[in-house]
Amino acid sequence: MHLSGQLTDWSINDLLQIMQVTKKTGSLDIEGDRRGRVHFHDGAVTGAELVAPGGSLIADDRSGVADVLYVLSTLDSGSFSVGAADGPDTSGWGVEEVLADVDALKSLEDDLVAAGLFESDGVRLVSDIDESITVTSDDWMVLVSLVPAFTFDDLEAKVGRGGAVRVLHTLHRMGVAAATGDVDESDWLDRVADDVTSTPDDPIWLEEVSEDRDTSTQTQEDETPASDDDSLEESLEEALVGLSDEPAEDAQDERASTEVPGVSAPASTTLTDGVYDEIRRLRSKVAEK
């Protein structure tokens, strides 16, 4: 059967129905603003192609065929013709099944148009969701292609170090995170040390502290006479001077009497009041002996 004509007289759906009713084996060529081809075997759809200047999209599964027909169904002008079959020689799918998939895609399109997303200048992902969602493997592949590679520092700048660890560990646990390039784990301690000693810019999640500080209180404190605690600190530092790595020569004679058992700290160590009390208690025990 030779069949050709204009799309103004026959819709894509009509042509598919004719191919199924006549149990035609052949390929339906569509010429218009878009070019495509649909393959049939005994009236069943076995594949489809979408022809573009840069190459053709060849679909041999039901979902892909629906995608091609979804595009071709938007044509309301152009020509069509049926030629010899040059598509997959398989059992294929019924026309009703494929058209149902096309109608489902059109329904999704209507929802996107109503939401203002279909022709918007840009689309961003919302930051908060009400509940967990499931993404198909195919959709995940598309989302990944839109997200550039990032580093742990990038995450830390957004959500803090703890949040970055949680997020990255979640991605690792799900098996969807992979390091880019070769990672030499032998020098990880060196890299951690570099991170600690370096002074990078504060992450944006840290609250900025104003440099305009009132120094009057600090000046007043500096001028205040030394309290008893200050005197105690000075005496303790003198007592502990013998514990430093390089003690002064004039303090060596006093080391035996001033050294506190159980305490190992250089004289320059700043101690809290609680530690002072503990040292006083230890010294009193030594004095009693």
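In this predicted model, helix α1 spans residues 12–21, and its buried residues are Ile12, Leu15, Leu16, Met19 and Gln20. Seen down the axis of α1, these buried residues fall within an arc of 135°, so they line one face of the helix. The spacing fits a general rule: an α-helix has 3.6 residues a turn, so residues three or four places apart point the same way. The buried residues of α1 are covered by elements that include β2 (26–31), β3 (35–41), α2 (62–72), β6 (79–83) and α3 (95–114). After α1 comes Lys23, which has a positive phi, near 50°.

From this face the reader can turn to the nonpolar interior. The largest nonpolar core has 29 residues, and those that touch the most other members are Leu16, Leu28, Ile30, Val38, Val65, Leu69 and Leu72. Two or more residues of this core come from each of α1, β2, β3, β4 (44–52), α2, β6 and α3, and α2 gives the most, with 7 residues. Val38 shows how such contacts are made: leaving aside its neighbours within four places in sequence, Val38 is in contact with Leu16, Gly26, Ser27, Leu28, Val45, Gly47, Ala48, Leu69 and Leu72.

The last step concerns how α2 is placed against α3. These two helices pack at an angle of about 60°, with their axes 9 Å apart, and α2 and α3 are therefore oblique to each other, while their crossing is right-handed. On the α2 side, Arg62, Val65, Ala66, Asp67, Leu69 and Tyr70 take part, and they meet Glu97, Val98, Asp101, Val102, Leu105, Lys106 and Glu109 in α3.

Conventions: Residues are numbered from 1 along each chain as its sequence is written. This is a predicted model: local features need pLDDT of at least 70, side-chain atom pairs count only at pLDDT 80 or more; totals for chains, interfaces and linings use all residues. Side-chain values use heavy atoms; hydrogens and water are left out. Buried means under 20% relative accessible area, exposed over 50%, partly exposed in between (1.4 Å probe, protein chains only). Helices (H or I, at least four residues) and strands (E, at least two) are DSSP runs, numbered from the N terminus. The arc is that of the directions from the helix axis to the C-beta atoms. Contact means heavy atoms within 4.5 Å. A nonpolar core is a set of buried Ala, Val, Leu, Ile, Met, Phe, Trp, Tyr and Cys residues joined through side-chain atoms within 4.5 Å. Axes are lines fitted to C-alpha atoms, for helices over the stretch in contact, and angles run from 0 to 180 degrees between N-to-C directions. Angles under 35 degrees count as roughly parallel, over 145 as roughly antiparallel, 65 to 115 as roughly perpendicular and the rest as oblique. A crossing is left-handed if the near helix is turned anticlockwise from the far one by less than a right angle, and right-handed if clockwise.
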